[in-house]
Amino acid sequence: MDNRTVTALDKLAGGMLLTAAAGGVDLVLSLFDPKAELARLTGALASGLRDRLSGLGRAERSHRLIAAHAVAVLAAFFELLSEIELPPELRDLRLDRADQLRVALGGPHLARRLDRLLAAVVEDDIPIPAPHQPYEAVLGSLTHYYRQLATRARDFLAGLAGWESMDETERARFERKLAELDTRAVTRYEAHYRRLATEFPEFAFWAGLLDHQATRAAVRDLGAGLAGLERALTGLTRTPPVAHPLRLVHRDALDRPMISIRDAPAGLCIPALGDAYVTPRFRVAEVGVSDQIASERWWSQREVRVDLPAFLVGHLTAPQATRTPLLVLGQPGAGKSILTQVLAARLATAEYLVVRVVLREVQVEADLQSHIEEAVRIATGENLTWPALTREAAGALPVILLDGFDELLQATGTSQSDYLERVAEFQRREAALGRPVVVLVTSRIAVADRARPADEMIAVHLEPFDSGQIGQWLDVWNGSNEAYFTANSLCPLTADVVAPHADLAGQPLMLLMLALYDADDNSLQHHDVALGQAELYEQLLVRFAAREVLKSGGGLTPTEFHRATEQELLWLSITAFSMFNRTRQWVTEAEVDADLAALLAAPQPHASGLRAGLTAAQLMFGRFYFIHETQAVQDDRRLRTYEFLHATFGEYLAGRLVTEELGDLVAAARTVAHRGRPGVLDDSFLYALLSFAPLVTRETTVSFIGERLAAVSEADRAILRELLLSLVRQALQPRHTDAFAGYRPRSANQPERHAAYSVNLTVLLVLASGRLCVDDLFPDATEPVDAWRRWTLLWRSQLPGESWKGLIRQFTVEREWKGERRTASVVPMHSADAWTPDTYWTYGRFWPGHPKRPIEPFEGLGWYEGTYGYLRNQGRFHCEADDEVIVHALDPFHPHLSAAVFTFHHTGGRPRPVSGAHALITFCLAATSTADPEALTQAFTTAWEFAAHGFAPSDVDQRHRYRGHVLRQLALIARRMPRSWLAAQLSALGDLALEEDREHDNSLLVLLEDLELNDPDALA
């Protein structure tokens, strides 16, 4: 228990615990008394606790409740312990306790046993229900805790003078009763806990015990949405919230449309956020650094839950919420940001003070406290410091909602691997200063692994809507638009119509997009097959662009109308690239003007004229509902900035412009081929777009491009593949002309631009073909794999760190053989098998028994290639953190065993060769783990075969050192090994030692003698 909980527990116990614990004697002896103070506490605990909680703030109330829970846990055990009749030899313990203890302290270990028992009472962490784990799991932990407590009580009593005078039968009877205490105490604890839950609903929310009548009033209709959360939290204390402008701002969001559409069809109503929000299903887990929280497969192994409001109530009332952030993950459009808006509004009427920090709106270089203060200023116009804000809270618990960790990553382009740990450190600091704070962080699941989880951190994964939730949302939508449907002779959108598009409708944003699409002439209801996400975005954007053209484009021919619509979409796409190439989610009017002027100034012969004649002056900013415009006045100048209402709109438009340009290039290539004359295609526009930022920076953009390219005909994809191969082979060559030299969204030198362009062309090639062999990339190279390595080194050196990580997360390389020559293919990561390094392939050493070929008998072989000194020098020279980490991990081998790092050995019993370092590390880890004997024998055999035959004949010193490490490790685990196997190994080792002795090198024999391993009986 932490100090704060112990102090609160002592207050509940009337000062008994800390006073008694100081001496130790009186407390421990009183625990065996039927009238023990701790046992007596539970009788009056619930009745007196309500008075003790009156007037307390949220954080202090939670600590008092945790302390009350500790009383219930301890009392359940010691009530039963005090009911056990002590043997006659120990009954004097109740008569003259101090005297008996002074006599008994003559035992040599009694003081230590006393300390251990006291620690279990006032120091050890007592298991407590938590909203992220099943109640049954807590009962299992309590069973273990009670078992330890019983063991410590038995050890303490065994140290008393009377214990030794008990006969074996009497002692066995007493010990049996002690052994039964764990399960009996759990049953008694459950009775105490449910009694507390009837009085204080927090206990019910922590354990998910929402079935008894006393808590039904607090949780009635909890599943109807986050309005239930508001009712539950306000019903816990009925303390009116402190008036604050933040509360008014957050509360107002519930009455606003869930999305702002300035140019919606006349009469179409966008429901209010408070009415339309549907509580999502979710999964939850406590996560650690080894958990793959960025993997949907990892999350699929967790139970789907439907009680998000109850979970949030439990989390917000538990002390753990002030120690570590809650991470909320979801796919784009899953409703993460909307959740933070609704949560901020619902908490406005409870004893919480919420600051919602939209991370894309704040200065990304600043620290967390500055982000909070800036968000308060944006929301209220007030410049308040964080300490001043907490003082104004007047006992309300601050809740910080950090929305968009993924956007923070994209904005900075730098590593934020310690972000969550820094948040937790901020919470620890604030708690130490008496200003506890709850923090929630949202992020796309794809980048969830970019930051290490904080200790004891809980993560929530928002699930797609199921059919019932889709129907619930549609009921609100149809109810809000009944008049619109009637006036326009439209049919309401039903769950049956949406069902074929369930993959899209499961995401709240996509469901809204489907509804908007159908609101125009019931368009969705005319589709017999499911729309893909890219196709839905295309249909929506084309329709909204066409509506803009219709406003001022009367009398246009169909060709002119199509052309004008495409011009609208081109403007939007360039706006998207203005943000994309600046690695931001927003762009200024001046930046868009500059980009339009630079990109639309020089039409290309293959562009079908779509970019000709369009100027920034002809474009109206902010005409589309999915473009959010902000304005400000500075020095009598009106400043405008633009951002997409949701990042996926910009990501789709960027992908659309790329694929449209690829389509124009394919059409131009087809024309050149038809004319029968050689021609050079101009990729200047594509180069301008794709030479500043890697596409992999936005994973959704890559997905959209892949979906659009999948719809291209096989014939056109074949042309596109050859076209891209031609471009990528020339990507690093000097460019003698640049029609778009004026386009400079950011400062970038030539190597950066070459790297970005070549990696983007490579990504497009993989998306267009599904698999890209490096032989095709480098047809003139003697070793295409080496050429590929040099390319990737260029990318790694020139791409921003997050872009490089995005590339290797989304794509990978599969090793292959062409005859006896190694090659490789670049593939999307989802199509790659699990990878284990194959050092035969690494060093280009083909052998007939390779795993992908028929196994043939062959002699064991090995080789030594490279030096560890070179690896260290390279890591030191590069200043690359990842390389230095590897050097740091391998440095224990330097210099006395450095040959083991680069020496490889293989025999027919294993699929691949291993290095000496790999074999020794594997054996040592197996020896210090709970590995079974079979795994241990295999690990030793591999390490010993390397020790015996792996080193070069000249490496005498290193070979002997290596053997010494292996044998000493064997000595430590010899008793765990099968006797027959061990005897055979020692015999073989002895034979090898005698052979070395004949060669005047008896070091192995000496080592065996020193370790007494040459005699198997010595291990008995």
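Start by selecting Cys491: in this predicted model, its relative accessibility is 42%, so Cys491 counts as partly exposed, since that class lies between the buried limit of 20% and the exposed limit of 50%. Next, pick Cys269, which is also partly exposed because its relative accessibility comes to 33%. While you have cysteines on screen, you might look for disulfides. A disulfide is a covalent bond between the sulfur atoms of two cysteines. How many disulfides does a search of the whole structure find? The search finds zero.

**The sheet**

Now switch to a cartoon view and find the open sheet of six strands, ordered S1-S6-S2-S5-S4-S3, with mixed pairing. Which strands stand at the edges? Select 282-286 for S1 and 352-358 for S3: each has a single partner strand, so one side of each lacks a neighbour in the sheet. As you step across the sheet, the twist from one strand to the next averages 20 degrees.

**From S3 into S4**

Keep S3 and add residues 397-403, which form strand S4. The two strands run parallel and are joined by seven bridges. Strands of a sheet pair through backbone hydrogen bonds, either parallel or antiparallel. To see individual partners, show Val355 together with Ile400 of S4, its bridge partner. Then show Val354, which stands opposite Val399 in S4.

**Both faces of S4**

Stay with S4 and turn on its side chains. Is S4 mostly covered or mostly open? It is mostly covered, with seven of its seven residues buried. One side carries Leu397, Val399, Leu401 and Asp403, while Pro398, Ile400 and Leu402 lie on the other, and both faces are covered.

**On to S5**

Now add residues 438-444, strand S5, which runs parallel to S4 and is joined to S4 by four bridges. A good pair to highlight here is Leu402 and its bridge partner in S5, Val441.

**Helix H22**

For the last stop, select residues 419-432, helix H22. You can check its length yourself: at 1.5 Å a residue, its 14 residues should span 20 Å, and the end C-alpha atoms are 20 Å apart, which agrees. Next, colour its buried residues: Tyr419, Leu420, Val423, Ala424, Phe426, Gln427 and Glu430. Where do they sit around the axis? They cover an arc of only 150 degrees, which puts them on the same side of H22. Finish just after H22, at Gly434, where phi is positive, about 80 degrees.

Note on methods: Residues numbered from 1 in each chain as written. Predicted model: local features only at pLDDT ≥ 70, side-chain atom pairs only at ≥ 80, totals over all residues. Heavy atoms only, no water. Pairing = 2+ DSSP bridges. Axes fitted to C-alpha atoms, helices over the stretch in contact; angles between N-to-C directions. Expected span 1.5 Å × (residues − 1). Buried < 20%, exposed > 50% of the residue type's maximum accessible area, 1.4 Å probe, protein only. Arc of directions from axis to C-beta. Disulfide = S-S within 2.5 Å.
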